Amino acid sequence: MDKKDIVEVLERIGTMMEIKGENPFKIRAYSAGARTLQTMEEDLGDVIEEGRLGDIPGIGKALTEKIETLYATGELEFYNKLVASVPSGLMDMLDIPGLGGKKIKVLHEKLDVDSIETLTVACQEGRVAELKGFGKKTEEKILSGIKNREAYAARHLWWDAQSMVKKILPGLEELPEVERVEAAGSFRRGMETVGDLDFLVASSNPTPIMDWFTSMDGIVEVTAHGETKSSVRFEGGMQADLRVVPSEQFYFALHHFTGSKDHNVRMRQKALSLGLSLSEWGLRPEEEKDSSRKAGPVEANSEEDIFKALGLQYVPPSLREGMGEVEAAER
DNA sequence: AGGCAAATACTG
DNA sequence: CAGTAT
DNA sequence: GCCT
């Protein structure tokens, strides 16, 4: 099992223990361990090999043993038992903003709630607002969270996303105001499933592009229509965003919106280590207090230029998962 | 053995 | 405002 | 759970 999966297991252990009402400090130890592992730059295999896992602050005897077991076998008795002891419907409830282990535990014990469905009913009947520690406001927040979640959970197969991209991209390319255009996000990274489609355009005249985008066929709702960013939803539920940036920013923005989030974090850390600051806007010398020098931002005429400026080899979108690819691209 | 992050939002 | 959960 |  790789680092990413292990981090996930540790996090789940934490939340499951929370639902079971275990010692908060123990719980904290697991989530802290997960964080530590995730931000560790070294290769997990090497660290285990050299027996240095336990030397890492926040990772003690118990976590070392569990992480090593997961790394070697992909299985963990302790975890399996925990999973079996917590109803899966309760785990689903964790996605609802405002609900954590403690409240879920109360809902389960007092109202027999064991799924999002039973929770919805309990809210509608006003039983949730009666509970100690809950109130009218909490109840409403839960209900709106459930609705919200339905929209958000709708991910689409890459293949379906591609057929949509094939319809939209050529249209954008034809517009005279469009200098460059790419589909970014998880689609560009080639993920199996794609949330929203993310289009990025370079242009100095966004308005006609926005107008075209928000009046395409098949749109059921224009969620946003601003100067440089618009969002639409198509029949079938697919959502698409369009951003227009000045051409100097294009590749920085493309890199940023291609992600992943973890990859971007790593890239920014790398930039900082060189005294530079990377963002969707550009790459420039890190701001220093009380020093107002005017060193201009780095230019990029391709994504390669950004990697090059950081002394890295090019990392293709499909590998940008923040799982060590940035470290591996050091030359 | 005994302590254990910090900020924010909500309940009562 | 204090206590509690996130 | 981890740390002192």
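**Entry 1: a charged pair**

I began with Glu50, which forms a salt bridge with Arg52, their closest N and O atoms being 2.2 Å apart; the term stands for a side-chain nitrogen of Lys or Arg within 4 Å of a carboxyl oxygen of Asp or Glu. I noted that this is a predicted model, in which local features need pLDDT of at least 70, side-chain atom pairs count only at pLDDT 80 or more, and totals for chains, interfaces and linings use all residues. Residues are numbered from 1 along each chain as its sequence is written, chains are lettered from A and ligands numbered from 1 in the order in which they are written, and side-chain values use heavy atoms, with hydrogens and water left out.

I then looked up accessibility, where buried means under 20% relative accessible area, exposed over 50%, and partly exposed in between (1.4 Å probe, protein chains only). Glu50 is partly exposed at 49%, and Arg52 is partly exposed at 25%. I also found Glu42 linked with Glu50 and Arg52 in a network of salt bridges.

**Entry 2: pairs across the sequence**

The structure holds 11 salt bridges, and I followed two more of them. Glu303 pairs with Arg188, with 2.6 Å between the closest N and O atoms. Because Glu303 lies in helix α16 (residues 303–309) and Arg188 in helix α12, this pair ties together parts that are 115 residues apart in sequence; helices here are DSSP runs (H or I, at least four residues) and strands are runs of E (at least two), numbered from the N terminus. Glu303 is buried, at 4% relative accessibility.

Lys270 forms a salt bridge with Glu330, the closest N and O atoms being 3.1 Å apart. Lys270 sits in helix α15 (residues 261–273) and Glu330 in the segment after α17 (325–328), so the pair joins parts 60 residues apart in sequence. Lys270 counts as buried at 16%, whereas Glu330 is partly exposed at 38%.

**Entry 3: DNA strand C**

I listed the residues around DNA strand C, counting those with a heavy atom within 4 Å of the strand, and found Gly98, Gly100, Lys102 and Lys103. Of the strand's atoms within 4 Å of the protein, 100% belong to sugar or phosphate. A phosphate oxygen of the strand is 3.1 Å from a polar backbone atom of Gly100, and a phosphate oxygen is 2.8 Å from a polar backbone atom of Lys103.

**Entry 4: Met191**

Last, I placed Met191 in the loop between α12 (185–188) and β3 (193–194), and its 23% relative accessibility makes Met191 partly exposed.

Technical notes:
Polar contact = N/O pair within 3.5 Å; in protein donor to acceptor, adjacent residues only side chain to side chain.
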